[in-house]
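These are my notebook entries on a single chain. I set down what I looked up, in the order in which I took it up.

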Amino acid sequence: MLSITRLSPADHRRVPWKNGGGVTTELAVEPSDDGRPDGRFVWRVSIADVVEPGPFSAFPGYDRLIAVVEGDGMRLSVDGAPPVERRRLDPAFAFSGEAPVWCEPTAGPIRDVNLMLDRASAAGTLTLLAGSAAQRANVHRAEADVLLVHALAGTLTVTPEDGEALTVPTGHSLLLRNGAALVEAPDEAEGVCAEVWRC
């Protein structure tokens, strides 16, 4: 049965990075259901500000997807491989949470969105939408156990299957469980849609 939860900026939580190098804004998280007290989670969607070069925190056992949503871009060096460059609103980049990662903004501070997934219990995708940017999708049909839609700019429209359209204003999120929805970004709007499947 479809459930819908609205999340405002007041519901988002600011938490320090594991390595102490910065702070991330946790948009939504599903704690592990095995009762472990070590802070593990099944999935988490967060937004982080990166102001200078530095290492990423290690998250053993997790798969990560990351995309730049503000600023010019970033260069990632993952586990000794040649650096990978990602610009604002480029498709999400996937990598292993235990891999050593060095991040370097290409031209000043950036903001990125992260989807982290405990690979033993979840899989997922991260899709960016932009209503006014050339060659960017502005409509996305999402279907998963969990959908997290976050408005980066402007107002998104989310229409659950067999339901009425819902609006998501800038800085707000919509969490849907057990259903499908059409996510639309009109002109001047930008957003991100995380889809999570429980294993």
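Entry 1. With which residue does Arg111 form a salt bridge, and how far apart are the closest N and O atoms? I worked from a predicted model. I found the partner to be Asp49, with 2.7 Å between the closest N and O atoms. I then placed the two residues: Arg111 belongs to strand 11 and Asp49 to strand 4 (residues 41-50), so the salt bridge ties together parts that are 62 residues apart in sequence. I looked up the accessibility of each partner. Arg111 is partly exposed, at a relative accessible area of 28%. For Asp49 I also noted 28%, again partly exposed.

Entry 2. I asked which side chain meets Arg111 in a salt bridge at 3.4 Å, N to O. I recorded Glu70. Glu70 lies in strand 6 and Arg111 in strand 11, so this pair ties together parts that are 41 residues apart in sequence. Glu70 is partly exposed, with a relative accessible area of 41%. For the model as a whole I noted a count of 15 salt bridges.

Entry 3. I next examined how the strands that carry Arg111 and Glu70 are paired. Strand 6 (residues 62-70) and strand 11 (residues 110-118) are antiparallel and share 8 bridges. Within this pairing I located Leu65 opposite Leu115 of strand 11. I then asked in what order the strands of the open sheet of 6 strands are arranged. I wrote down the order 2-3-4-11-6-9, with antiparallel pairing. Its edges are strand 2 and strand 9 (93-96), each of which pairs on one side only. From one strand to the next, I noted an average twist of 30°. As a reminder to myself, side chains in a regular strand alternate between the two faces of the sheet.

Entry 4. I turned to the edge formed by strand 2. Strand 2 (residues 13-16) runs antiparallel to strand 3 (residues 23-31), and 4 bridges join them. I found Val15 opposite Thr24 in strand 3. The two strands form a hairpin with 6 residues between them. In its turn I noted a positive phi of about 75° at Gly20.

Entry 5. Is His12 buried or exposed? I first located His12 in the loop between strand 1 (3-7) and strand 2. Its relative accessibility is 13%, and the limit for the buried class is under 20%, so I entered His12 as buried. I then listed its contacts, leaving aside neighbours within four places in sequence: Leu7, Thr25, Glu26, Leu27, His150, Gly171 and Ser173.

Entry 6. I moved to the other sheet on my list. It is an open sheet of 4 strands in the order 5-10-7-8, with antiparallel pairing. Strand 5 (54-55) and strand 8 are at its edges with a single partner strand each, so one side of each has no neighbour in the sheet. I checked two of its pairings. Strand 7 runs antiparallel to strand 10 (residues 101-105), and 5 bridges join them. Here Leu76 stands opposite Cys103 in strand 10. Strand 7 and strand 8 are also antiparallel, with 4 bridges. Here Gly73 stands opposite Arg87 in strand 8. The hairpin of strand 7 and strand 8 has 5 residues between the strands. In that hairpin I noted a positive phi near 55° at Asp79.

Entry 7. Having met Arg87 in strand 8, I asked which residue forms a salt bridge with Arg87 at 2.1 Å between the closest N and O atoms. I recorded Asp72. Asp72 is in the loop between strand 6 and strand 7 (73-78), while Arg87 is in strand 8 (residues 84-87), and the pair links parts of the chain 15 residues apart. I found Asp72 partly exposed, at 32% relative accessible area. Arg87, at 34%, is partly exposed as well. I closed this entry with the wider linkage: Asp72, Arg75, Glu85 and Arg87 are joined in a network of salt bridges.

Terms used. Residues numbered from 1 in each chain as written. Predicted model: local features only at pLDDT ≥ 70, side-chain atom pairs only at ≥ 80, totals over all residues. Heavy atoms only, no water. Pairing = 2+ DSSP bridges. Axes fitted to C-alpha atoms, helices over the stretch in contact; angles between N-to-C directions. Salt bridge = Lys/Arg side-chain N within 4 Å of Asp/Glu carboxyl O. Buried < 20%, exposed > 50% of the residue type's maximum accessible area, 1.4 Å probe, protein only. Contact = heavy atoms within 4.5 Å.
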